[in-house]
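The following exercises ask the reader to work through one protein model step by step. Each task is followed by its solution.

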Amino acid sequence: MDLLTTLVDKGLRRELPTREEALAVLATSDDDLLDVVAAAGKVRRHWFGRRVKLNYLVNLKSGLCPEDCSYCSQRLGSTTGILKYTWLKPDEASKAAAAGLAGGAKRVCLVASGRGPTDRDVDRVAGTIKAIKDQNEGVEVCACLGLLSDGQAERLREAGADAYNHNLNTSEATYGDITTTHTYEDRVDTVQKAHAAGLSACSGLIAGMGESDADLVDVVFSLRDLDPDSVPVNFLIPVEGTPLAKEWNLTPQRCLRILAMVRFVCPDAEVRIAGGREVHLRSMQPLALHLANSIFLGDYLTTEGQAGKADLDMIADAGFEVEGADQVTLPEHRAAARGGCGSHESTGAGCGSGESTGGGCGSHEGGGVCGTAAPATPTVSEPRTDLVTVRRRGAGTDLAPNA
């Protein structure tokens with residue numbers, strides 16, 4: 001029984017692959033790539049059919065962050081020229097959210113830059129959640145506000161939040177190379193707080209920051225241990241003015257292998273293609289839908305995505321369908337364990353950062369198929385700065401959003 005047959009078998013049984021098997025997926029050759037996609041696609045379709053969940057980001061507070069996350073355009077000392085504004089008023093946020101919902105999104109992700117919310121900030125976000133839910137029946141709302149203090153997750157839950165996003169981003173071993181103003185353990189603690197409060201936990205990673213295959217496997221196995229309902233996979237957007245602006249380490253093929261590995265390790269979780277898909281997957285984005293069952297619609301926090309209509313056309317042309325508001329995202333066994341998580345009337349399937357270039361602390365963003373994990377030698381992408389555009393429309397501006 002070869003590697004891919006073994007991984008499909010395990011994925012259908014919700015059995016964890018070995019680290020060696022996960023590494024072997026990342027080490028497969030480009031010649032075997034379609035076989036890898038087809039195998040992971042069987043697992044994706046088994047648990048999620050051909051549905052694609054659409055999520056929409058609203059950046060409640062942009063820039064002005066005191067944290068030093070190297071990937072983030074909103075970090076302390078950033079010279080990226082992004083939009084900078086303080087908190088949107090509830091009616092402004094609700095208006096921004098309505099554009100995404102009109103485009104087919106069923107989940108609104110409310111993101112704010114910063115280390116973490118004050119109690120006053122939680123009150124402010126609670127008002128925004130109420131405004132959005134009052135004006136949009138059945139909408140799911142995820143909050144992404146950074147590190148949480150004791151009791152804040154419970155208050156967000158009481159205010160109507162369905163989910164909370166906080167990404168691990170990279171492996172514990174390399175975390176200190178990316179951020180120094182908080183720790184990996186801080187992030188784990190916040191995900192656990194969200195879980196304990198009854199929120200649907202969402203936590204993912206950023207690929208393309210110079211990490212090794214072992215780092216990628218480490219962070220995905222750590223995520224599996226945390227058991228989030230949603231695992232957003234961000235691909236670094238190397239924005240000029242950030243320390244990682246010169247990191248162009250990804251090819252479309254490598255992105256697909258990473259998504260396949262995540263699907264095999266987290267077979268029944270919502271795997272979301274988040275920030276950077278347009279930059280690194282490019283014309284191969286439709287293939288990624290065979291691996292992930294969720295994407296963001298339209299723009300990200302500080303950079304532009306492809307046109308919302310193009311997203312919808314891509315889904316239809318690839319033979320998939322947009323998940324409806326009346327459909328439960330998660331498989332029955334997982335939704336039942338979360339009290340109906342993923343439906344439009346209870347806790348949801350989680351929220352990704354939608355952008356590997358930031359959104360505040362935690363918001364952001366070889367061998368053959370025989371199973372021998374030979375060291376991978378990735379081909380570095382040529383920089384495509386033409387695909388990186390700072391967002392100048394939508395939330396925080398007077399221009400219509402992309403949805």
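**Exercise 1. Determine whether Tyr184 is buried or exposed, and identify its aromatic partner.**

Solution. In this predicted model, Tyr184 has a relative accessible area of 7%. The cut-off for a buried residue is under 20%, so Tyr184 is buried. A search of the whole structure yields one aromatic pair. That pair consists of Tyr175 and Tyr184. Tyr175, at 2% relative accessibility, also counts as buried.

The geometry of the pair comes next. A pair of aromatic rings is described by the distance of the centres and the angle of the planes. For Tyr175 and Tyr184 the centres are 6.1 Å apart and the planes form an angle of 65 degrees. An angle over 60 degrees counts as edge-to-face, and the pair of Tyr175 and Tyr184 is accordingly edge-to-face.

**Exercise 2. State which charged residues sit over the rings of Phe320 and Phe296.**

Solution. Consider Phe320 to begin with: Arg50 lies over its face, at 4.4 Å from the ring centre. For Phe296, the charged end of Arg272 sits over the ring, 5.1 Å from its centre. Phe296 also belongs to a nonpolar core of 10 residues, which includes Cys142, Ala163 and Ala274 as well.

**Exercise 3. Find which residues of helix 13 are buried and explain why they lie on the same side.**

Solution. Helix 13 spans residues 308–317, and its buried residues are Gly308, Asp311, Met314 and Ile315. These residues cover an arc of only 120 degrees around the axis, and therefore they lie on the same side of helix 13. On the other side, Lys309 and Asp317 are exposed.

The next step is to ask what the buried residues meet. They pack against strand 1 (51–61), helix 11 (277–280), helix 12 (285–288), strand 9 (294–296) and strand 10 (321–322). Just after helix 13, Gly319 takes a positive phi of about 85 degrees.

**Exercise 4. Describe the surroundings of Ile295 in strand 9.**

Solution. Ile295 counts as buried because its relative accessibility is 1%. Setting aside neighbours within four places in sequence, its contacts include Asp311, Met314 and Ile315, which are among the buried residues of helix 13. Arg272 is also in contact with Ile295, and the charged end of Arg272 is the one placed over the ring of Phe296.

Another contact of Ile295 is Val52. Although Ile295 and Val52 are 243 residues apart along the chain, their C-alpha atoms are separated by 7.2 Å.

**Exercise 5. Locate Pro331 and list its contacts beyond its neighbours within four places in sequence.**

Solution. Pro331 is placed in the loop between strand 10 and helix 14 (332–337). Its relative accessible area is 7%, so Pro331 is buried. Once neighbours within four places in sequence are left aside, Pro331 is in contact with Trp47, Phe48 and Asp268. The C-alpha atoms of Pro331 and His46 lie 9.4 Å apart in space, with their positions 285 residues apart in sequence.

**Exercise 6. For the loop residues Asp227 and Arg282, give the value of phi and the degree of exposure.**

Solution. Asp227 lies in the loop between helix 9 (213–226) and strand 7 (230–235). Its phi is near 60 degrees, a positive value in a residue other than glycine. With a relative accessible area of 30%, Asp227 is partly exposed.

Arg282 is found in the loop between helix 11 and helix 12. Arg282 is not a glycine, yet it has a positive phi of about 50 degrees. Its relative accessible area of 25% makes Arg282 partly exposed.

**Exercise 7. Identify the largest nonpolar core and the helix that gives the most to it.**

Solution. The largest nonpolar core has 93 residues. Those with the most contacts inside it are Val58, Leu156, Leu205, Phe235, Leu259, Met261 and Phe264. Helix 10 (residues 252–265) gives the most to this core, with nine residues.

As a final step, place this core within the whole protein. The protein has 14 helices and 10 strands, and buried residues make up 62% of its 403 residues. The protein exposes about 13900 Å², of which carbon and sulfur atoms supply 50%.

How values were computed:
Residues numbered from 1 in each chain as written. Predicted model: local features only at pLDDT ≥ 70, side-chain atom pairs only at ≥ 80, totals over all residues. Heavy atoms only, no water. Buried < 20%, exposed > 50% of the residue type's maximum accessible area, 1.4 Å probe, protein only. Helix = DSSP H or I, 4+ residues; strand = E, 2+ residues; numbered from the N terminus. Arc of directions from axis to C-beta. Contact = heavy atoms within 4.5 Å. Core = buried A, V, L, I, M, F, W, Y, C linked by side-chain atoms within 4.5 Å. Phe/Tyr/Trp six-rings, centres within 6.5 Å; stacked < 30°, edge-to-face > 60°. Lys NZ or Arg CZ within 6 Å of the ring centre and 35° of its normal. Areas by Shrake-Rupley, 256 points an atom, 1.4 Å probe, with all protein chains shown as cover.
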